[in-house]
Amino acid sequence: MTENQEMIDLTLLRRYEPVIRYTGGECFYPFSVERYIKQCSLWLHRPKIPDVCLVPTGSLTLERLTQQRPNGFDSIQYVKFIEPLDLVELAKLSISSTMKSLTGVEDQDSFRAGLGRLARVGYVSRLLDALFSLTLLLRGRVPGDTAKAAALTYQQMQAEQESFCYYGRVHRQEGWIVLQYWFFYPFNNWRTGFFGINDHEGDWEMISIYCTDGSTSDNPSDPVESIRPVWVAYASHDFAGDDLRRRWDDPEVEKLGEHPLVYSGAGSHASYFSKGEYLAEVELPFLTPIRRVWNWIETIWVNTLRQAGAEAEKSEINVFRIPFIDYARGDGITIGPGQEKTWQAALIDPLPGWVKDYRGLWGLYAKDPISGENAPAGPMYNRDGTVRKSWYDPVGWCGLDKITPPEQALEVLHEQRSINLKRREELVLEVEQSVEELKRFGLETAALQGIAHMETIYDQQISHVDALSEELDKKRQEICLIDDRLNALDKYEKELASGDYGPLRAHIHRAHLPWTETELRLSRLAEAYSAVSIGVLMIGIVLLVVFASHYILFGLAVMIGALIFIESSFRRRLSRLATSLSVALAVVTVLVLLFEFFWQVVVVLVLLAGLYIVWENVREISG
Amino acid sequence: MSANISRNESSLSPRSLYILIIFQVLQSLMLIGTGIYRLLESPWLLSVIPLSINEIAKDAPAVLVNEMSFIFVGTILLALALFMLSRRYTAWLLSILVQGGLLLYSLIAYYQGNPRYDVMISGVILVFYLNQRTIQTAFRSNAENVL
């Protein structure tokens, strides 16, 4: 890469660099990898043996990080940012935070959860949540005090020299100029800080801006001025493909001048287009088969039996997933151009060693089998050392590979029209030939009809004529389709020429939207009830077993019934509850009837089928 | 997509509505009819042998509660069927609730060894018919005050 190109790329990155708004209470902001690594030690994990420290704290540099070390299969290299606090440090930290909270001198931008996530979802999800919390005791996880210690260390480092960094990359692919902004956070404290899914050391986040170059060889212009953003995509949890992407002129993409505004999730650092509180769901692997069976039953219920109710549930929360809230309120500090805190930009092109050569993890390897608590790998790699899709194919990553850059759209449209026209001409010619052939064979077949010794040949001829007719029909159908396509292309060409690129949101299948004010309008009582209900139910079951084991079934039914009734009252869904209960009773009754009268039911069904056929036939005869 | 479905399904054809109402009227007549029949059949009412006060006192409450309830429920269902003609959501909601109650009763009776299969079968047919997406959407679209 030439120095001039580097300058152009850096200018481009600077021109459209984002403004990120954080949630009050956020502890970690984009940081320098060099300073982070200096604070870390490098470790090697191999199965069945204790982890080995390769480079101790204080000696690790970016250069030493990238040294190639033969480790063997199944080995994992990782850096460790925080050593567990000793008791004295932990006590100091706890006393300090308690004093702050008691004296009311907490950070100005401290976090208040508000309406709890549990109040926003149903009881099945809350039960699963309780199970998920229990699994944390069995799975590997980042120790509880690590987040506090990480926050303390980060604050100290920032006090020495405050900096907010991003790592920029300009990637040219299929007519797109992709500006990637990579942000490295020393820690993700979503679980311990904001009631989220996980905690882990090191956190890489990214946003991409997809630009096109308006200059042509006939009309060369300023290499920076001619480049215009068309799309933008923010990385966010498990969302992928088209849903990640928004058009630059979409009102949902807020901008300050030419800088897109990003709302960062508290602790998780996931990026969002709008401020608000988002529902993030996690599905436990062992529930996947149950969910599939449930979906199958639901499909039959809704599509085959045409029953109501299930489609309403589908649009809401999946009961087999555990809900978490990602708070992207934007009420904390803001970093970006024109703000009090601004970016330090670093271009990662040509690729530095820490990007290209280090495939290990950027924080503690917590040995969590479902990986939520393990640190991520670098911007280029997945945890397993393979290259990230967002790195090797940033265009395909957000589903943009099927979209033609606007400057090329007319040219590509003309090409496509030529291909269609060419195929049409070929088909017209083929149809003419087929018609001639068909006529000849038809005539010959007519001549052969009724000649005694030619019967076999006549039959063959008939089959051949039929096949030719079918083939001819297919070709004519294809011509008809091509005509339709050509008409559509002509219409689209006019739209493109007038600058109309179609609806803004047509590509979005499932937009990730924050909770609305109405959805958040549940009472404090509902919140308190949601927080304690599952725990109370579990305690109730234990009390039943101990003190009233004879009435366990009755007691369980009463408790669950009461739970469901209260829940429905809070959510103003009593009518839906009543309907569901009636339907459930009908299903049970059907089972009872089948049990008692299976063969009679079969006979009745056969009789009904017979009557239906008779009715249909009689109707046909009677015209 | 869902908006389209709602629009299409809210236009319930009168035939589906009439079928629903006929079903419910038939069921209510069946309940009223069997109720009256059983009431008349009961020994304390039409017995040729004069019963003692004790015998009447022993049988009367059970018969009254059972059969009078059926007549009462049948009458309510009949009234609801008529209200459903004007596509009132409340009529639909109360109908499905009463059907649920009838099914609960018949399941308990089955469990106690006195099954009422006629109630079971008619209840099942009506609950599934009332819960049809087209029917429910048509009534919901007319809802003024949903609980």
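**Two sheets, two backbone details and a chain contact**

Let me start with a sheet in chain A, where three strands sit in the order β3-β2-β4, forming an open sheet with antiparallel pairing. The edges are taken by β3, residues 49-55, and β4, residues 76-80, of chain A. Each of these has a single partner strand, so one side of each has no neighbour in the sheet. From one strand to the next, the twist averages 30°. I should say now that this is a predicted model.

Staying with that sheet, β2 of chain A covers residues 41-46 and is joined to β3(A) by four bridges, the two strands running antiparallel. One residue pair to look at is A:Trp43, which stands opposite A:Cys53 in β3(A).

A backbone detail comes just ahead of β4. A:Asp74 is in the loop between α3, residues 62-65, and β4 of chain A. Its phi is near 65°, a positive value in a residue other than glycine. For context, most residues other than glycine have a negative phi, and most peptide bonds are trans.

Now the second sheet. Six strands of chain A form an open sheet in the order β9-β8-β7-β6-β5-β16, and here the pairing is mixed. Which strands are at the edges? They are β9, residues 245-247, and β16, residues 344-347, of chain A, each pairing on one side only. The twist in this sheet averages 30° from one strand to the next.

Within the sheet, β6 of chain A, residues 176-188, and β7 of chain A, residues 200-213, run antiparallel and are joined by 11 bridges. A:Asn188 has A:His200 in β7(A) as its bridge partner. A helix packs on this sheet: α6 of chain A, residues 146-160, touches β6 and β7 of chain A. The direction of that helix makes about 110° with that of β6(A).

After the edge strand β16 comes the other backbone detail. The peptide bond joining A:Asp349 and A:Pro350 is cis, with omega about 5°. A:Pro350 lies in the loop between β16 and α10, residues 353-356, of chain A.

Next, the domains. The assignment for chain A gives domain 1 as 3-141 + 164-284 + 320-403, domain 2 as 407-497 and domain 3 as 525-612. The C-alpha centres of domain 2 and domain 3 of chain A are 61 Å apart.

That leaves the contact with chain B. In total, 23 residues of chain B are in contact with 18 residues of chain A. On the chain B side, the elements giving two or more residues are α5 (89-111), α6 and α7 (133-141) of chain B. The largest share, 10 residues, comes from α5(B). By class, that side has 14 nonpolar, eight polar and one charged residues.

One helix pair across this contact is worth describing. Two packed helices are described by the angle between their axes and the distance between the axes. For α17 of chain A, residues 574-596, and α6 of chain B, residues 117-130, the angle is about 135° and the axes are 9 Å apart. Why call them oblique to each other? Angles over 145 degrees count as roughly antiparallel and 65 to 115 as roughly perpendicular, and about 135° is in neither range, so α17(A) and α6(B) are oblique. The crossing is left-handed.

The residues of α17(A) that meet α6(B) include A:Ser582, A:Ala586 and A:Leu593, and those they meet in α6(B) include B:Met120, B:Gly123 and B:Phe128. The residues of this helix contact divide into nine nonpolar, three polar and no charged.

Methods. Residues numbered from 1 in each chain as written. Chains lettered and ligands numbered in written order. Predicted model: local features only at pLDDT ≥ 70, side-chain atom pairs only at ≥ 80, totals over all residues. Axes fitted to C-alpha atoms, helices over the stretch in contact; angles between N-to-C directions. Parallel < 35°, antiparallel > 145°, perpendicular 65-115°, else oblique. Left-handed = near helix turned anticlockwise from the far one by under 90°. Contact = placed C-beta atoms within 7 Å. Nonpolar A, V, L, I, M, F, W, Y, C, P; charged D, E, K, R; others polar. Domains from an automatic or database assignment. Pairing = 2+ DSSP bridges.
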